[in-house]
Amino acid sequence: MPQQLAIILLVDVANALEMKTLEGNAYLFDNMKLHGSEGQGTGELVTAIHGSYWRDGSQATEQVLNWLPYSLGSIPPTVPRGYEAERARQTDREALSELEAMVHKPANQGGDAAAQLSHLQQTLGTRVRSTRRTRGPATQKILDVTGNVISYDGAAAHTYPPPVITDIYGEAVDKKIMYPAEYGSPDMVTDGWYWSATVDSTRPGTYAYTMAVQLHRLLLQGGDWTWEPVDLTCESKLRIVSEPKRNAFTKSGLGLLPIPPA
């Protein structure tokens with residue numbers, strides 16, 4: 001089993017949508033900082049990939065990369081994707097309970113019906129209609145960054161769906177340095193889909209690649225709020241060196257971790 005490196009793509013979605021570019025609005029990280037990666041936390045990440053041999057001389061396997069896109073200022077990525085649907089169902093139940101209480105309230109205790117209906121509308125929130133043109137979230141309600149359903153008026157702050165990587169291409173792919181593909185997974189945090197690639201570590205050099213990234217903005221169409229897809233691109237690089245791979249714990253090749261006896 002080869003070592004697997006993670007590359008996190010963190011996007012300031014609100015600014016990226018406003019500026020219509022990921023330049024200056026994307027921040028990349030990987031877990032090879034101590035092995036030579038440069039530009040951590042910027043849009044200029046160069047991921048270091050060591051060669052095809054372990055330090056003890058034994059042959060290593062190819063390098064595996066995994067990309068994880070996240071949205072800055074949104075619901076934490078550790079929250080399962082089913083959270084939005086559960087919040088929508090919960091507010092529906094709460095609204096039905098409020099409506100039932102209104103219906104069964106004695107006529108002389110009706111109170112301000114307009115205020116009650118306004119509160120009921122706030123409880124229900126605003127539902128977003130899904131479209132076939134987007135790989136974004138299915139029909140759901142609009143949430144704020146704390147995870148509460150809100151009644152959206154077009155100006156209130158709201159959480160954005162995570163960015164979606166739709167393709168990886170460019171020099172590193174054209175020269176057959178890496179072979180990216182999208183894979184399915186039962187992981188509920190990543191919604192079951194992620195991009196991964198195997199890298200030929202026998203060909204030292206610096207190779208650029210481009211990620212096609214789909215963001216989503218709220219758009220009012222025909223009286224319904226929808227998630228409108230916006231396609232942008234983000235570039236990054238791999239730097240393959242002939243230095244042998246090293247286990248970060250043992251500083252050598254594969255083997256048991258240096259855990260002291262109990």
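**Entry 1: Lys176 and Lys20**

In which loop is Lys176 found? I am working from a predicted model, and I began with this residue. I found Lys176 in the loop between helix H4 (171-174) and S8. I looked up the backbone angle next: Lys176 has a positive phi of about 60° and is not a glycine. Most residues other than glycine have a negative phi. I then checked the surface. Lys176 counts as exposed, because its relative accessibility is 51% and the cut-off for exposed is over 50%.

I noted a second residue of this kind. Lys20 is not a glycine either, and its phi is positive, near 60°. I placed Lys20 in the loop between helix H1 (13-19) and S2. Its relative accessibility is 63%, so I entered Lys20 as exposed.

**Entry 2: the open sheet**

I turned to the strands. What is the order of the five strands in the open sheet? I read the order as S2-S1-S4-S9-S8, with mixed pairing. S2 and strand S8 (178-184) are the edge strands, and each of them pairs on one side only. From one strand to the next, the twist averages 25°.

I went through some of the pairings. S8 pairs with strand S9 (residues 193-199) in the antiparallel sense, over seven bridges. In this pairing I found Glu182 opposite Trp195 in S9.

On S1 I looked up two neighbours. S1 and strand S4 (residues 63-71) run parallel and are joined by eight bridges. Here Ile7 stands opposite Trp67 in S4. S1 and S2 run antiparallel and are joined by five bridges. Here I noted Leu9 opposite Leu28 in S2.

**Entry 3: the faces of S1, and Val11**

Which residues of S1 are on the covered face, and which are on the uncovered one? I listed Leu5, Ile7, Leu9 and Val11 on the covered face. Gln4, Ala6, Ile8 and Leu10 make up the uncovered face.

I picked Val11 for a separate look. Val11 is in strand S1 (residues 4-11). Is Val11 buried or exposed? Its relative accessible area is 0%, so I entered Val11 as buried.

I then looked up what Val11 touches, leaving aside residues up to four places away in sequence. The list is Ala16, Leu22, Asn25, Tyr70, Ser71, Leu72, Pro163 and Leu215. I also checked a pair that is far apart along the chain. Val11 and Val213 are 202 residues apart in sequence, and their C-alpha atoms are separated by 9.9 Å.

**Entry 4: salt bridges**

How many salt bridges does a search of the whole structure find? I noted six.

I took the pair of Arg239 and Glu38 to begin with. Their closest N and O atoms are 3.3 Å apart, and the two form a salt bridge. The pair links distant parts of the chain, 201 residues apart. Arg239 is in strand S11 (residues 224-240), and Glu38 is in the loop between strand S2 (26-30) and strand S3 (46-49). I checked the accessibility of both partners. Arg239 is partly exposed, with a relative accessible area of 28%. Glu38 is partly exposed too, with a relative accessible area of 42%.

I went on to Asp92. Asp92 forms a salt bridge with Arg127, and the closest N and O atoms are 3.4 Å apart. Asp92 is in helix H2 (residues 83-103) and Arg127 in strand S5 (residues 127-129), so I marked this as a link between distant parts of the chain, 35 residues apart. With a relative accessible area of 26%, Asp92 is partly exposed. Arg127 counts as partly exposed as well, at 41% relative accessibility.

Asp92 also meets Lys141 in a salt bridge, at 2.6 Å from N to O. This pair, too, links distant parts of the chain: Asp92 in helix H2 and Lys141 in strand S6 (residues 140-141), 49 residues apart. Is Lys141 buried or exposed? I entered Lys141 as buried, because its relative accessibility is 3% and the cut-off for buried is under 20%.

My last note is on a group of three residues. Glu86, Arg89 and Arg93 are joined into one network by salt bridges that share partners.

Key. Residues numbered from 1 in each chain as written. Predicted model: local features only at pLDDT ≥ 70, side-chain atom pairs only at ≥ 80, totals over all residues. Heavy atoms only, no water. Salt bridge = Lys/Arg side-chain N within 4 Å of Asp/Glu carboxyl O. Helix = DSSP H or I, 4+ residues; strand = E, 2+ residues; numbered from the N terminus. Buried < 20%, exposed > 50% of the residue type's maximum accessible area, 1.4 Å probe, protein only. Pairing = 2+ DSSP bridges. Axes fitted to C-alpha atoms, helices over the stretch in contact; angles between N-to-C directions. Contact = heavy atoms within 4.5 Å.
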